[in-house]
Amino acid sequence: MNRSEDEVVDQFRRAMRRVAATVNVISLNVHGSPHGITATAVSSLSMEPPSLLACINRAAAVHASMADMANFRVNILHRDQEDIARMFADRREEERRFAEGWELFPDLPPRLIDAQASILCRRIDHHQFGTHSIFIGVIEDVCVREDVSPLLYWNGQYGSINPC
């Protein structure tokens with residue numbers, strides 16, 4: 001079966017819409033100014049050392065800053081934080097993003113106070129592949145919310161699971 005590259009891309013896109021992913025806001029501190037982006041391509045990498053990877057589109061406004069930062073933070077969203085996911089996915093909302101609910105630091109990335117979890121990473125490497133860069137971070141600090149109910153994204157929609 002020989003499909004054109006466009007057909008393969010379309011079928012791959014359709015397949016990925018069937019994969020549920022946790023919704024995150026990756027936050028940065030760029031010369032004292034908070035920045036962030038909604039991301040679903042985040043994954044644990046290793047427990048020794050504790051590390052994760054985050055994939056960011058090279059066309060994203062935060063990409064260049066992310067490549068230069070010593071630290072980034074992955075804020076895993078709770079199911080009641082869909083509005084935050086939408087705000088960080090919309091460039092027109094930049095002014096409102098860090099107005100409330102965030103702990104701001106002079107030299108570290110902002111932490112979403114009520115996040116499902118918030119993971120501070122020291123960026124140690126990144127690799128470009130296709131339209132994205134893969135950023136690798138070693139974990140330096142973790143804050144965890146007790147109730148477990150992450151915001152998920154699949155088939156172009158936000159949702160959550162109902163625990164049994």
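Over how many bridges do β6 and β9 pair, and in which sense? β6 and β9 are joined by 6 bridges in the antiparallel sense, where two strands count as paired if DSSP finds at least two bridges between them. Helices (H or I, at least four residues) and strands (E, at least two) are DSSP runs, numbered from the N terminus. The model described here is predicted, so that local features need pLDDT of at least 70 and side-chain atom pairs count only at pLDDT 80 or more, whereas totals for chains, interfaces and linings use all residues. Residues are numbered from 1 along each chain as its sequence is written, and side-chain values use heavy atoms, with hydrogens and water left out.

Within the pair of β6 and β9, Val74 has Ile119 of β9 as its bridge partner. The two strands belong to an open sheet of 7 strands, in the order β3-β2-β6-β9-β10-β5-β4, with antiparallel pairing. Because β3 and β4 (42-47) stand at the edges with a single partner strand each, one side of each lacks a neighbour in the sheet. On average, neighbouring strands are turned by 35° against each other, direction ignored; axes are lines fitted to C-alpha atoms, for helices over the stretch in contact, and angles run from 0 to 180 degrees between N-to-C directions.

At the β4 edge, β4 and β5 pair in the antiparallel sense over 5 bridges, and a hairpin of 2 residues joins them. Ser46 has Ser51 in β5 as its bridge partner. Towards the other end of the strand order, helix α3 (residues 82-89) lies across β2 and β3, running at about 105° to β3.

The largest nonpolar core has 20 residues, and Ile26, Leu28, Ile56, Met66 and Phe72 have the most contacts inside it. Such a core is a set of buried Ala, Val, Leu, Ile, Met, Phe, Trp, Tyr and Cys residues joined through side-chain atoms within 4.5 Å; buried means under 20% relative accessible area, exposed over 50%, and partly exposed in between (1.4 Å probe, protein chains only). Among the elements giving two or more residues to this core are β2 (24-30), α2 (63-68) and β6 (71-76). Leu28 touches residues including Met66, Phe72 and Pro109, contact meaning heavy atoms within 4.5 Å. A second, separate core of 13 residues includes Leu77, Ala85, Leu151 and Tyr158.

Ser133 is found in strand β10 (residues 132-144). With a relative accessible area of 0%, Ser133 is buried. Its side chain makes a polar contact with the side chain of His63 at 2.7 Å. A polar contact is a pair of N or O atoms within 3.5 Å; within protein, one must be able to donate a hydrogen and the other to accept it, and residues adjacent in sequence count only if both atoms are side-chain atoms. Ser133 also touches residues including Ile56, Arg58 and His126.

Methods
Lists of a residue's contacts leave out its neighbours within four places in sequence.
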